[in-house]
Structure formats: C-alpha cells, structure tokens
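Biologist: Could you take a close look at one part of this model for me, and talk me through it step by step? I'm just starting out, so please take it slowly.

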2 protein chains.
Amino acid sequence: LHKKIMTIFYAPIELIGMMDSPFVRRVAIALTHYELPFQLQALSVYQHPERLAAINPLLTVPVLRNASLTLLDSREILAWIDMQSPHPNLRDTQLSAHNLARAASDVLALKAGELYRELGLRNENLHSESSVQRIISQMAAALYSIEATAHRLPDQINHTSIAIATSYRFAQTVAQHFRLELPITLTLQKRCQQWEHLPVFVACDPD
Amino acid sequence: LHKKIMTIFYAPIELIGMMDSPFVRRVAIALTHYELPFQLQALSVYQHPERLAAINPLLTVPVLRNASLTLLDSREILAWIDMQSPHPNLRDTQLSAHNLARAASDVLALKAGELYRELGLRNENLHSESSVQRIISQMAAALYSIEATAHRLPDQINHTSIAIATSYRFAQTVAQHFRLELPITLTLQKRCQQWEHLPVFVACDPD
C-alpha cells in the first residue's frame, strides 16, 4: 500500500488527447474506473499539431506518460493500465468470443475518423462521393456486426463494452455533424444508452 | 504432443489476405516462424471485396480461421498464435522500451495505406496536395522515430522487429510506386535488409 501511494504521489499520470477521440476516451474511462488519478492535457491532432508533435512526433492520441515512461497506442496503454490495478476487472475474460465486436468497434471509430478527414478537412471540390460511400458502408457493416453480438455482452463493463460504447458515440456524432444516416441498430443503441449513464462514462463525457 | 498433432490435423489454419499487406505478412511470418502449418487464401480488400465480405463483413485483412474460430485484428491474431506455440519466443520481453517503435510501425503502415487510397484509388482531379503532404510528414516522423531506436533492438527477431520490417517494406513499395521520396534512415534500412534475408521473411515475400 505504501508503495502504491508513493507511486501515485511521485508519478502522476498525464493523459494527452481530447475526450472527443474515442481512443482517448477509452483510456480516460479505464483510468477513472480503476480510480487511478490522472491529468488530462487536452491537445488535438488537428487543432494543436505543433504542441502535440513536441510530445509525440507521430501526431497520434492518446499519449499516456508519467515521470518514467511515455506510451502510445490505446491498446498498449490499456494493457499497461490493467497492470497498475490490483483488480484489473476490465480485462475481457472471453477474448475470442468478443473478437468480432472489438474489431468492429475499431473499424467503426477509424472509419468515422476517415469520414471526418474526407468531409471536414478537405476542400469541398475535392470530396469523393465513392470514398464517402465506401466509408459509410464499412461503418454500417461494423454497426451490424456489433449489433449481432451486443445482447451477449455481460452487464458488467469491460474493455470490449467500453470500446463499443465510445466508438458508437463517436460515429453517431460524426454522422450527425455531416447529416449522414447510419443504420439503426436497436439493441446496440439501448446498451450504449445504458453504459453512457454510468458514472465513469459521464465523468468522461466528450461534449 | 498427441493433442497438438490432433489439433493441427483437424483444424488447419487458414490465413485470409495478401502478402502485400504488412499486417497480413506479420501474421504469415509468425505462423512460419512457429512452424504452424497454414493455407493462404489470397483475397484483397480492393480487388475481391465481395469474396472477402463473405468471410469478413468488415472488409479488413488479415483474417485467421480454423474449424472452431474466426479472428480479426493482427495484434489479437498474433496473441492467439503465441498461445498456440509451446515456445512463444516472438513475444517482446521489453514491451515498454519498444512501445514507440511498434506504434511508429503501425502509423507507417496505416499512413502508407492512406497514401495508396489517396493517389491510387481516387480520381486524379480529386487528389489533395495538403492531404498528401500531411500523410508523407507522418510517415517521415514514423521513420525517424523507428530509426532513433533501431540500434537498440535485439538481433533475435520478435513481434516488434517483424512489425518494423513489414511496415518499412510496404512504405518503401508504396512511395516508389508513386515516385515519392521518403527520408533515408540508414540504421533502419540496414537492419531491415538483414531481416528480409532471413528464411521466414523470404518465405513470406510480398512480391
């Protein structure tokens, strides 16, 4: 216990990124769930590229760092966070069974990011209708894949359900911003609404 | 031993994807290294979307499957492959120390894929010079990040060095295809040449 307190006192955790990134939010929710104190440094890839590059030349978020290490890649960061907790109960105990839902969550979030770059960062005369259609159809496939397995997920949250909920929220936000329609997935929608009401999710709200 | 032989006999491993994807190649190299027999089903996201969608609606590669399971996501697939081997000596024993090199390898491969979609799949009049510049500068940052740590990697190959080598090869191939220049990173180049001469790399050649 003494060692744990010392660690927290001398090596505060800093999380770099903004909560509107689903990958940053996954890390913030895990830290909050485990009651590991952290400071959020709200830097964005698109709004603060120079300040972010000084911390991470790859220009990716999340970045997690303390006095002794800097870590990139949300999955590696989450594995490290699990190791810091005496009760890493966010670890998914049915890894293979939930592989598709987890992979679909990553595709959903990555393609929503691609959609944002296509329609939000590019000059309007350089938009490609076929690219938008390809992206939207991959997002739809991801939503259907998660929907098909959503009822089998445990009520207790874990890394898989956090990945699903954060990706779902981000995809809906991006689609609404550009007035695009995503397929309605009722089971998934209901579960995500339940998860979003949990205190750890509310504490890491993207809005 | 009997159980292992039975498993291999009754559940042959099928790897879906093409060797020109660095993420597919990582899996093929790991299977070859562990001497786990597998069949390659050469399907491409861009050339065979319908046939791939029938196996994986998310339209991503690699896919690994046998009689009892289907797995997506190269990192999850590699973790599963490690568990099938009695001597999983590709596991990186210095995870945190090599975190940056591994994250940079993923960025390098993902951005090379983005460059291919930008210049290879999009109509020429819809190319965005600023997007190409952003992608190239992220690839350059990734190369410099790997170069800075390349001399510290062990001579023995592991998942980190395989990730580096496969991403490097793919990035060079895409850049040469579009006659774009990437920064020269001499230490990295030399190490990748050494790795590419190893029998497991030659057996999984992308060309």
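Modeller: Let's start with the labels. Helices, written α, are DSSP runs of H or I of at least four residues, while strands, written β, are runs of E of at least two, and both are numbered from the N terminus. With that in hand you can find A:Pro62: this residue is in the loop between α3 (49-55) and β3 (63-65) of chain A. Keep in mind that what you're looking at is a predicted model.

A:Pro62 is a nice place to begin, as the peptide bond joining A:Val61 to A:Pro62 is cis, with omega at about 0 degrees. Chain B has a cis bond too, from B:Val61 to B:Pro62, where omega is near 0 degrees. B:Pro62 lies in the loop between α3 (49-55) and β3 (63-65) of chain B. While you're in chain B, check the loop between α2 (22-33) and β2 (38-41), where B:Glu35 is placed. Phi of B:Glu35 is near 55 degrees, which is a positive value in a residue that isn't glycine.

Now back to chain A and its helix α2, residues 22-33. This helix packs with helix α4, residues 74-84, at an angle of about 5 degrees, and the two axes are 10 Å apart. Angles under 35 degrees count as roughly parallel, so α2(A) is roughly parallel to α4(A). From the α2(A) side, A:Phe23, A:Arg26, A:Val27, A:Ala30 and A:Leu31 make the contact, and they meet A:Ser74, A:Ile77, A:Leu78 and A:Ile81 of α4(A). Sort those residues by class and you get 7 nonpolar, 1 polar and 1 charged.

How does α2(A) sit against α5(A)? The angle here is about 130 degrees, with the axes 10 Å apart. That is why α2(A) and α5(A) are described as oblique to each other. A:Pro22, A:Phe23 and A:Arg26 of α2(A) touch A:Ser105, A:Asp106, A:Ala109 and A:Leu110 of α5(A). In this contact the classes come out as 4 nonpolar, 1 polar and 2 charged. Notice that A:Phe23 and A:Arg26 take part in the contact with α4(A) and in the contact with α5(A).

Helices α4 and α5 of chain A take us on to chain B. In total, 33 residues of chain A are in contact with 33 residues of chain B. The area buried between the chains is about 2,600 Å², and carbon and sulfur atoms give 52% of that.

What about charges? There are 10 salt bridges between chain A and chain B, and the whole structure holds 36 over all chains. Try finding the one between A:Glu76 and B:Arg75, where N and O are 2.6 Å apart. This pair crosses from helix α4 of chain A to helix α4 (residues 74-84) of chain B. Another salt bridge links A:Arg102 to B:Glu76, with the closest N and O atoms 2.7 Å apart.

Which parts of chain A face chain B? β4 (70-72), α4, α5 (99-121) and α6 (129-150) each supply at least two residues to the side that touches chain B. Of these, α5(A) gives the most, with 10 residues. By class, that side of chain A divides into 13 nonpolar, 10 polar and 10 charged residues.

Conventions:
Residues are numbered from 1 along each chain as its sequence is written. Chains are lettered from A and ligands numbered from 1 in the order in which they are written. This is a predicted model: local features need pLDDT of at least 70, side-chain atom pairs count only at pLDDT 80 or more; totals for chains, interfaces and linings use all residues. Side-chain values use heavy atoms; hydrogens and water are left out. Axes are lines fitted to C-alpha atoms, for helices over the stretch in contact, and angles run from 0 to 180 degrees between N-to-C directions. Angles under 35 degrees count as roughly parallel, over 145 as roughly antiparallel, 65 to 115 as roughly perpendicular and the rest as oblique. Contact means heavy atoms within 4.5 Å. Ala, Val, Leu, Ile, Met, Phe, Trp, Tyr, Cys and Pro count as nonpolar, Asp, Glu, Lys and Arg as charged, and the others, Gly among them, as polar. Buried area is the accessible area (1.4 Å probe) that two parts lose on being put together, summed over both. A salt bridge is a side-chain nitrogen of Lys or Arg within 4 Å of a carboxyl oxygen of Asp or Glu.
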